[in-house]
Structures are given as C-alpha cells and as structure tokens.
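Hello,

Here is the structure I promised to pass on to you. Have a look at it first, and then read on for what turned up when I went through it.

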Amino acid sequence: MTLKLPKIIGHRGAAAYAPENTLEGIHTAADMGVEWVELDVKLTKDQIPVIFHDDTLERTTNGSGSLANLTLEELRQYECGSWFSDSFAGIKIPTLEEALEVIIDRDLGFNMEIKPCPGRERETAEAALDILAQIWDDHNRILISSFSPICMETALLMAHDWPRALLIGEDWPENLKEIKEYLELTCINVNAKTVQREQVEEITDMGLPILAYTVNDAETARRLLRWGVDGVFSDSPDIIRETLFSVH
Ligand code: G3P
Ligand code: MG
C-alpha cells in the first residue's frame, strides 16, 4: 500500500460552491482541479448506502424526518439542491454507487466517511464497504474513515488492506496509541478548530499522517501545515490552494 494523501481534499465535494454530498459537488470539485473528495455515507431503511451528512432531512432537502426511516425510493421524492441555490433545484441525493461512478469517471481520489445513523454502525459500514469493494480497485487513492470505532472495527475486518483513518472530534482519546494499534490505522483525521500542537505531535510520533477538517481560511491552513498536518479538508479548496502556493 503506497497511499499518497493530497494536501487538499474537497469537503463534501466542494461544499462552498455546490450543494454538499451531491454528484454536482463532485463535478464542481473536479472542475476546480481538486484531486480528492470526501463524502459522507449513510444507510436508507432498505439498506442502500447513500451520500448524506445529517441524520435528518430538514437542513439540506425539502423533506423532513429521519433518513433511516425512508427507503431509497421514498428519499428520491425529495430534492437536495434548492436550499443551496435555485440553480441546483431538483437534484437528488445520490447513492454511494452513483457517486463512485462519477469519482472514477473524473479520476479523483476518495475519502469515504462512514457516518451511521445512531444504532446502525455495523450495518452501515458493511453495506458501504460491500459496494466500495465491488467498484473501487485503486488502493492508493482511497481512505475509509469514521468517527465510529464500530465502523472502523468493521473496516478492519472487511477492508484490512485498504487505508483507514479514525476521525477524532473535540474529545481527545487518552489511549490513542492503543486505538491506533488495535484498529491498525493508516491515518488520523482531527478537528482543525480544537486540535492542539502537542496532539499533532503525538500522532506524528506514532508515524501516522494527519488530516484536519474543516479548513476554509488561509491562516488556519498555514498554522496546521506548520505544525505537521499533512492535508486539510476544505469547502473552499481554491482558497487553500492559493495559500499553499504562497507558502515555501
Ligand atoms: O471527514 C472529515 C469531516 O467531514 C468530518 O466532519 O461533520 O463534516 O462529516 P463532518
Ligand atoms: Mg464528513
């Protein structure tokens, strides 16, 4: 495995420029010259992995209620573009399979974040990893990640040879080294707002690369890169790219 992480990963596609977690977002990121995208995967009631961030539909669709209570067919009655802008009105929540086809077609790398609705950790990881294994074959341009240790344990079993990252939120685990060894992690993804310099060093000392989410301003990107972070997730990859070109 010779994973080569990019310095910039388009967050939820390119979330500042197109509705998050949509095929249009993937195309927008590719059009901007972004090398990798990050998308969130959840499971419908009928066990189909779809690309979506929240547990509920209100924020990014014209529907309401829990995503986990709807079948794919029911979910497709709603649209997920107008909340962002009228020019995206009518677009639909994509399945993981549809997203993978576009990612491959546009020659992008992919960070698949498994983001289960509460209580659906194992089944979400299993379904997502099943689809991924059927479609994806470039082990150097994929990263499987999750905040959920259960999802990462499932990934350890089902995708042992694939690069895998644990996402860490605001609470820093005391036993990170043990977690890293148990889950056989390839990378650790940290919260850009709360991570401390010593915490970045703790990971660097373990010999793992570090990605930080979500960085939309030049100053934060510069500071994190200086600390030893390898790459950042950004809604505005163009702003971060300008920053990188100006740092030497
Ligand atoms: O995977 C990085 C980042 O996407 C994690 O946070 O809430 O944007 O999925 P969130
Ligand atoms: Mg995410």
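Let's begin in a loop: Asp107 sits between helix α3 (96-105) and strand β4. Please keep in mind throughout that this is a predicted model. The phi angle of Asp107 is near 60°, which is a positive value in a residue other than glycine. Is Asp107 buried or exposed? Asp107 is exposed, as its relative accessible area is 51% and the cut-off for that word is over 50%.

Arg12 has a positive phi as well, near 55°, and again the residue is not a glycine. You will find Arg12 in the loop that runs between β1 (8-11) and α1 (23-31). Arg12 counts as buried because its relative accessibility is 15%, and buried means under 20%.

**The ligand site**

Arg12 also takes us to ligand 1, since it belongs to the residues around that ligand. Its companions there are His11, Glu38, Asp40, His53, Glu113, Lys115, Phe147, Leu167 and Tyr213. How many residues of this shell are nonpolar, polar and charged? Three are nonpolar, two are polar and five are charged.

Three side chains are worth clicking on here. In His53, a polar side-chain atom is 2.7 Å from an oxygen atom of ligand 1. For His11, an N or O atom of the side chain is 2.8 Å from an oxygen of the ligand. Asp40 places a polar side-chain atom 3.1 Å from a ligand oxygen. On its own, ligand 1 would expose 290 Å², and the protein buries 91% of that area.

**The magnesium ion**

Some names from that list come back at ligand 2, a magnesium ion. Which residues supply its protein donors? They are Glu38 (OE), Asp40 (OD) and Glu113 (OE), at 2.0 to 2.1 Å from the ion. Along the chain, these donors follow the spacing E-x1-D-x72-E. Distant parts of the chain are linked in this way: Glu38 is in strand β2 (residues 36-43) and Glu113 is in strand β4 (residues 109-114), 75 residues apart.

Glu38 is buried, with a relative accessible area of 3%. Glu113 is buried too, at 5%. Glu113 has a further partner: its side chain and that of Lys115 are joined by a polar contact of 2.8 Å.

**The cysteines**

How many disulfides does the structure hold? The count is zero. A disulfide is a covalent bond between the sulfur atoms of two cysteines. Take Cys80: the closest cysteine sulfur, in Cys117, is 16 Å from its own sulfur, so the two are too far apart for a bond. Cys151 is in no disulfide either, and the nearest cysteine sulfur to it, again that of Cys117, is 11 Å away. For comparison, the cut-off for a disulfide is a pair of sulfur atoms within 2.5 Å. Both Cys80 and Cys151 are buried, Cys80 with a relative accessible area of 5% and Cys151 with 0%.

**A cis peptide bond**

Now look at the step from Tyr213 to Thr214. The peptide bond between them is cis, with omega near -20°. Thr214 lies in the loop between β8 (210-213) and α8 (218-227). Tyr213 is one of the residues around ligand 1, so you can find this bond by starting from the ligand.

**Two places to compare**

Finally, here are two residues for practising with accessibility. Ala68 is in the loop between β3 (49-51) and α2 (72-75), while Glu73 is in helix α2 itself. Which one is buried and which one is exposed? Ala68 counts as buried, at 17% relative accessibility, whereas Glu73 counts as exposed, at 67%.

You can use both for trying out the distance tool as well. From Ala68 to Glu170, which are 102 residues apart along the chain, the C-alpha atoms are separated by 26 Å. From Glu73 to Ala165, 92 residues apart along the chain, the C-alpha separation is 32 Å.

Enjoy exploring, and write back with any questions!

Best wishes

Key. Residues are numbered from 1 along each chain as its sequence is written. Chains are lettered from A and ligands numbered from 1 in the order in which they are written. This is a predicted model: local features need pLDDT of at least 70, side-chain atom pairs count only at pLDDT 80 or more; totals for chains, interfaces and linings use all residues. Side-chain values use heavy atoms; hydrogens and water are left out. A residue is near a molecule or strand if one of its heavy atoms lies within 4 Å of it. A polar contact is a pair of N or O atoms within 3.5 Å; within protein, one must be able to donate a hydrogen and the other to accept it, and residues adjacent in sequence count only if both atoms are side-chain atoms. Accessible areas come from the Shrake-Rupley method with a 1.4 Å probe; for residues, only the protein chains shown count as cover. Ala, Val, Leu, Ile, Met, Phe, Trp, Tyr, Cys and Pro count as nonpolar, Asp, Glu, Lys and Arg as charged, and the others, Gly among them, as polar. Donors are N, O and S atoms within 2.8 Å of the metal (3.2 Å for Na, K and Ca); water is not among the atoms, so sites may look incomplete. Helices (H or I, at least four residues) and strands (E, at least two) are DSSP runs, numbered from the N terminus. Buried means under 20% relative accessible area, exposed over 50%, partly exposed in between (1.4 Å probe, protein chains only).
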